[in-house]
Amino acid sequence: MSVSKYYKPEILTCPKCGNKLSYRYAISNKLIYFTNGKHSHIHNLGYECKNCQDNQIYFSQTANKLAFKGYTYSAKIICTIAVLKEKNMSREEICDYFFTKNIEISDRNVDNLYRKYQECLELNHEELIPKAYEAMLNTFGQIRVSIDLITVLGNIFVIFYDYFTSDMLAFVRFEGVEDPNLQKFLSQYLRKNMNITVIASIRRDAYFIPMLKNLCPAKTKFIAFNKF
């Protein structure tokens, strides 16, 4: 039996004028399956600033990062499929693997989700992130990003999202948090001289969060994803 969970924006003040945001409508409502075998109806609640009246909708970064747009399986399930495929597991074996975790998935879905994974890997972050930063600075006068870290069997996947639009800007895979390429990647887009005011990220981490904080301006506010 699934449960419904409602998520509102983690910040409820307008980044433009500081006015309190008001509820407008739910921007998404979908059933998401998780790697622990559970599934929930996730409601991402959209808020607006009645003072600015700019049609900008603000939403939950937690709800946004749980599953890719248009998909009901969690982002971690998609990453897990990729890792299992690289272990030469067949579609049937992957389905059986998830069945032991109380997750029903068809061999057709396995193929579809793996194609989505490959599509995400092809994102050109060197083009997308600077372009998004420029748009944020022009519209809001500041940079806000959401950074997700997914760990699957020793592999880690780092996903950048535009805080304001929910667009995925980067999807990059590394061989653990101590992979030197991780630091190199992050340092391209997180620097002390950038006007980065907010980063939404994982709840607890002894290595990744300090790494982010070391790269960002001292004023950057870190917001943990809500428990789900």
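Below are some worked exercises on the strands and helices of this predicted model.

Before starting, note that residues are numbered from 1 along each chain as its sequence is written, and that side-chain values use heavy atoms, with hydrogens and water left out. In this predicted model, local features need pLDDT of at least 70 and side-chain atom pairs count only at pLDDT 80 or more, while totals for chains, interfaces and linings use all residues.

**Exercise 1. Lay out the open sheet and find its edges.**

Step 1. Helices (H or I, at least four residues) and strands (E, at least two) are DSSP runs, numbered from the N terminus. Two strands pair if DSSP finds at least two bridges between them.

Step 2. The order is S6-S5-S4-S7-S8, an open sheet of 5 strands with mixed pairing.

Step 3. Strand S6 (168-174) and strand S8 (221-224) each have a single partner strand, so one side of each lacks a neighbour in the sheet and these two are the edges.

Step 4. From one strand to the next, the twist averages 20°. For angles, axes are lines fitted to C-alpha atoms, for helices over the stretch in contact, and the values run from 0 to 180 degrees between N-to-C directions.

**Exercise 2. Walk across the sheet and give the direction of the pairings S5 to S6, S4 to S5 and S7 to S8.**

Step 1. Begin with S5 and S6, which run antiparallel and are joined by 6 bridges. Isoleucine 156 has phenylalanine 174 in S6 as its bridge partner, and tyrosine 161 is matched with methionine 168 in S6. Their hairpin has 5 residues between the strands, and serine 166 takes a positive phi near 75° there.

Step 2. Go on to S4 and S5, an antiparallel pair with 8 bridges. Valine 152 has asparagine 155 in S5 as its bridge partner. This hairpin has 2 residues between the strands, and leucine 153 in the turn has a positive phi of about 50°.

Step 3. Finish with strand S7 (residues 196-201) and S8, which run parallel with 4 bridges. Here serine 201 stands opposite alanine 224 in S8.

**Exercise 3. Which faces of S5 are covered?**

Step 1. Set the cut-offs: buried means under 20% relative accessible area, exposed over 50%, and partly exposed in between (1.4 Å probe, protein chains only).

Step 2. Recall the general pattern: in a regular strand the side chains alternate between the two faces of the sheet.

Step 3. Sort the residues. Asn155, Phe157, Ile159 and Tyr161 lie on one side, Ile156, Val158, Phe160 and Asp162 on the other, and all are buried, so both faces are covered. The count for S5 is 8 of its 8 residues buried.

Step 4. Look next at S6, where 6 of its 7 residues are buried.

Step 5. Add the helices. Helix H5 (residues 125-140) lies across strand S4 (143-152), strand S5 (155-162) and S6, at about 140° to S6. H6 lies across S5, S6 and S7, running at about 5° to S5.

**Exercise 4. Is serine 146 buried or exposed, and what does serine 146 contact?**

Step 1. Place the residue: serine 146 belongs to strand S4.

Step 2. Its relative accessibility is 0%, so serine 146 counts as buried.

Step 3. Contact means heavy atoms within 4.5 Å. Leaving aside neighbours within four places in sequence, serine 146 touches Gln61, Ile159, Phe160, Tyr161, Ala200 and Phe225.

**Exercise 5. Describe how H6 packs on H7.**

Step 1. Helix H6 (residues 180-189) and helix H7 (residues 208-215) have axes 10 Å apart, at an angle of about 40°. That makes H6 oblique to H7 (under 35 degrees is roughly parallel, over 145 roughly antiparallel, 65 to 115 roughly perpendicular and the rest oblique).

Step 2. The crossing of H6 over H7 is right-handed, meaning that the near helix is turned clockwise from the far one by less than a right angle; anticlockwise would be left-handed.

Step 3. Leu182, Gln183, Leu186 and Ser187 in H6 face Phe208, Met211, Leu212 and Leu215 in H7. By class, this contact has 6 nonpolar, 2 polar and no charged residues. Ala, Val, Leu, Ile, Met, Phe, Trp, Tyr, Cys and Pro count as nonpolar, Asp, Glu, Lys and Arg as charged, and the others, Gly among them, as polar.
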